[in-house]
Amino acid sequence: VGSFFASLGAQELPTELHGRPSSAQKAVDAGPAEVTSKEKTACYICFRQFFVEFVKLRQDELTSTERKMCSEACASEFDSQQAEKLERRQQLQVQAQQLLEAAEARGEEPE
């Protein structure tokens with residue numbers, strides 16, 4: 001019992017698969033890979049990926065960090081969040097100052 005191709009004879013053996021090169025041959029013929037994609041980053045607000053060329057930058061005042069947004073809508077959302085954080089921080093500072101003054105008025109030592 002011989003193999004299938006042995007039964008066909010040497011003349012009928014395929015030398016190429018329907019004239020199409022293998023994927024390995026295509027890779028060799030293509031040469032070095034070219035970078036066709038552009039750099040992407042993620043939006044700080046919605047986490048979508050977008051091309052860096054469309055970035056909207058904002059400064060995070062609390063952490064002194066530059067943040068990247070994908071659109072003006074996300075940049076506006078960031079701005080309003082920043083304003084809320086700053087307002088809350090100021091409220092907490094006022095409250096801490098009031099508590100400190102009240103403790104001093106009673107003669108207690110602050111921690």
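In this predicted model, R58 is partly exposed, with a relative accessible area of 22%. That value is not under 20%, so R58 does not count as buried. The residue is a useful place to start, as R58, E72 and D79 are linked in a network of salt bridges.

**The R58 network**

The side chain of R58 meets that of D79 in a salt bridge, 3.2 Å from N to O. This pair links distant parts of the chain, with D79 in helix α3, R58 in strand β3, and the two positions 21 residues apart. R58 also forms a salt bridge with E72, at 3.6 Å from N to O. Here too the pair links distant parts of the chain: R58 belongs to strand β3 and E72 to helix α3, which covers residues 72–105, and the two are 14 residues apart. Both acidic partners are partly exposed, E72 at 44% relative accessibility and D79 with a relative accessible area of 34%.

**Salt bridges elsewhere**

The structure holds four salt bridges. One of them joins the side chains of K38 and E53, at 3.3 Å from N to O. K38 lies in the loop between α2 (23–30) and β1 (40–42), and E53 in the loop between β2 (49–51) and β3 (56–60), so this pair ties together parts that are 15 residues apart in sequence. K38 counts as exposed at 51% relative accessibility, and E53 counts as exposed at 52%.

The table lists salt bridges described here, with the N to O distance of each.

| Salt bridge | N to O distance |
|---|---|
| K38 and E53 | 3.3 Å |
| R58 and E72 | 3.6 Å |
| D79 and R58 | 3.2 Å |

**Chain layout**

The protein chain has three helices and four strands. Read from the N terminus, the elements run α-α-β-β-β-β-α. Of the 111 residues of the chain, 11% count as buried. Among contacts with a separation of 6 or more, 23% are between residues 24 or more positions apart.

**The nonpolar core**

Which residues make up the largest nonpolar core? It has seven residues: C43, F50, M69, C70, C74, A75 and F78. Helix α3 supplies the largest share of this core, three residues. C74 touches C43, I45, C46 and M69, when residues up to four places away in sequence are not counted.

**Rings and a charge**

The count of aromatic pairs comes to one. The rings of Y44 and F78 have centres 5.7 Å apart and planes at 85°; the angle is over 60 degrees, so the pair is edge-to-face. Y44 sits in the loop between β1 and β2 and F78 in helix α3, 34 residues apart, and the pair thus links distant parts of the chain. Are the two residues of this pair buried or partly exposed? Y44 counts as partly exposed at 32% relative accessibility, whereas F78 counts as buried at 1%.

Another ring is paired with a charge. The charged end of K40 sits over the ring of F51, 5.1 Å from the ring centre.

**R67 in strand β4**

R67 lies in strand β4, residues 65–69. At 19% relative accessibility, R67 counts as buried, because the limit is under 20%. The side chains of R67 and D60 are joined by a polar contact of 3.4 Å. Neighbours within four places in sequence aside, R67 is in contact with Y44, K56, L57, R58, D60 and F78. That list includes Y44 and F78, whose rings form the edge-to-face pair. It also includes R58, which takes part in the salt-bridge network with E72 and D79.

**E39 beside the β2 region**

E39 is placed in the loop between α2 and β1. It is exposed, with a relative accessible area of 61%. Leaving out residues up to four places away in sequence, E39 touches F50, F51 and V52. The C-alpha atoms of E39 and V52 are separated by 6.0 Å, although the two residues are 13 residues apart along the chain. Of the residues that E39 touches, F50 is one of the seven residues in the largest nonpolar core, and F51 carries the ring under the charged end of K40.

Note on methods:
Residues numbered from 1 in each chain as written. Predicted model: local features only at pLDDT ≥ 70, side-chain atom pairs only at ≥ 80, totals over all residues. Heavy atoms only, no water. Buried < 20%, exposed > 50% of the residue type's maximum accessible area, 1.4 Å probe, protein only. Core = buried A, V, L, I, M, F, W, Y, C linked by side-chain atoms within 4.5 Å. Contact = heavy atoms within 4.5 Å. Phe/Tyr/Trp six-rings, centres within 6.5 Å; stacked < 30°, edge-to-face > 60°. Lys NZ or Arg CZ within 6 Å of the ring centre and 35° of its normal. Polar contact = N/O pair within 3.5 Å; in protein donor to acceptor, adjacent residues only side chain to side chain.
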